[in-house]
Amino acid sequence: MDRTGNSSDMDPEQQANLAQMQPMSSSYADGLSPYEHKGKVGLEEIFDTEEEVQRKIQILASWVKQSKHIVCHTGAGISTAAGIPDFRGPQGVWTLERKGEKPKFNKSFNEVMPTSTHMAIKTLVDHNIVKFVVSQNIDGLHLRSGLGRQHLAELHGNMFTEQCNKCNGLFLRSDATTSVGCKYLNKNCPGKKGRMCRGKIKDTILDWEHNLPEEELNMADWHSNLADLSIAMGTTMQIVPSGNLPTYAKKRGGKLVICNLQPTKHDKKADLIINTYTDRVMDGLLKALELEASSYDPSLDPTKKTFAPKEPGDGKHVFGHVLDNSKLTTVHKVLPQLADK
Ligand SMILES: [Zn+2]
């Protein structure tokens, strides 16, 4: 058995049972290769006073109203309220790893639900206020909130998607994957749009040494460059390139807002730093904009949709809906025009 807890001689059902039993840090963080350059971990958390938070939310709301192309950048800090540990917080996975400890709260990816922040972001996208979301998170909660795929780049993968090595088709799973590190899952590609494909299926979770998915990165890069307001939430922005994308707005005179509990790598570049929980900021922002947050709706959660097995015996590991990444590929055609701007 390798460090992911997967074994080549385990059948998918056994692997699924293992995934149900294992909390997320075992199935994700422990599955990654050893890596020394995890940046600053365990920095003290800072909390603005209630008055400061309210004052800053009003500033953010006024900038949101003035902006034309707002991009949200999200990290693990927006999912801690769901019960998923972050990485570099005082109780984060990497912080505790240095002490030889494991996170205390630790739900499986199948148990967690989108947070107020996820739902607020979806609401802002639905109102055409936020144009795009770039996430480092692999928990799938943005998609599960009902956020449209065309508005989202998941730079480090998604526990609920699998990808074909030939046609690049992205397929949804109804439960979190059991492997990490873009490993082959002993499945053949079911093909897209009725076309046969001889490709093999792998998980989409990047290990440290992997390149970021090209289409997602292009899309993220494009929107980050267009942004006149970047809002970075729940990230210390230490991982590159993801952590640098929010700063691109500054190149064209846009603004950078950071909402995080710990200091971040780019605090000096920020026009506004709000040190409190992202849920509080986003709830306050919606209120200031006089918008009502969408509630979680299972019918908009693509992982909850039922679908007929393609082949008998596929069981719960049957492939789900194909995610529409055709809109991502069209970005390639737009990118050269952007260079002239
Ligand atoms: Zn394929």
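**View 1. Burial and overall make-up of the protein chain.** In this predicted model, buried residues account for 43% of the 341 residues in the protein chain. Its secondary structure comes to 10 helices and 10 strands. Take the contacts between residues at least 6 apart in sequence: 68% of them join residues at least 24 apart.

**View 2. Helix α5, residues 116-126, and its surroundings.** Here is a helix to look at from the inside. Of the 11 residues of α5, 9 are buried, so this helix is largely enclosed by the rest of the structure. If you would like to pick them out one by one, the buried residues are Thr117, His118, Met119, Ala120, Ile121, Lys122, Thr123, Leu124 and Val125. What do the buried residues of α5 pack against? Their partners are the strands β1 (70-74), β2 (130-135) and β8 (229-233), together with the helices α6 (141-144) and α8. Follow the chain just past α5 and you meet Asn128, which takes a positive phi of about 60 degrees.

**View 3. Helix α3 packing with helix α8.** α8, one of the elements that the buried residues of α5 pack against, also packs with α3. Helix α3 spans residues 50-66 and helix α8 spans residues 278-288. Their axes lie 9 Å apart, and the angle between the two helices is about 55 degrees. Why is α3 described as oblique to α8? The reason is that angle, which makes α3 oblique to α8. The crossing of α3 past α8 is right-handed.

**View 4. Residues where α3 meets α8.** Now for the side of each helix that takes part. From α3 come Val53, Ile57, Gln58, Leu60, Ala61 and Val64. From α8 they are met by Arg280, Val281, Gly284, Leu285 and Ala288. Sorted by class, this contact has 8 nonpolar, 2 polar and 1 charged residues.

**View 5. An open sheet of 4 strands.** Reading across the sheet, the order is β5-β4-β7-β6, and the pairing is antiparallel. Which strands stand at the edges? They are β5 (170-172) and β6 (184-188); each has a single partner strand, so one side of each is left without a neighbour in the sheet. From one strand to the next, the twist averages 35 degrees.

**View 6. The pairing of β4 with β5.** Strand β4, residues 161-164, pairs with the edge strand β5. The two run in the antiparallel sense over 3 bridges. To find your bearings, look for Gln163, whose bridge partner in β5 is Leu170.

Terms used: Residues numbered from 1 in each chain as written. Predicted model: local features only at pLDDT ≥ 70, side-chain atom pairs only at ≥ 80, totals over all residues. Axes fitted to C-alpha atoms, helices over the stretch in contact; angles between N-to-C directions. Parallel < 35°, antiparallel > 145°, perpendicular 65-115°, else oblique. Left-handed = near helix turned anticlockwise from the far one by under 90°. Contact = placed C-beta atoms within 7 Å. Nonpolar A, V, L, I, M, F, W, Y, C, P; charged D, E, K, R; others polar. Pairing = 2+ DSSP bridges. Buried ≥ 20, exposed ≤ 12 C-beta atoms within 10 Å, placed from the backbone.
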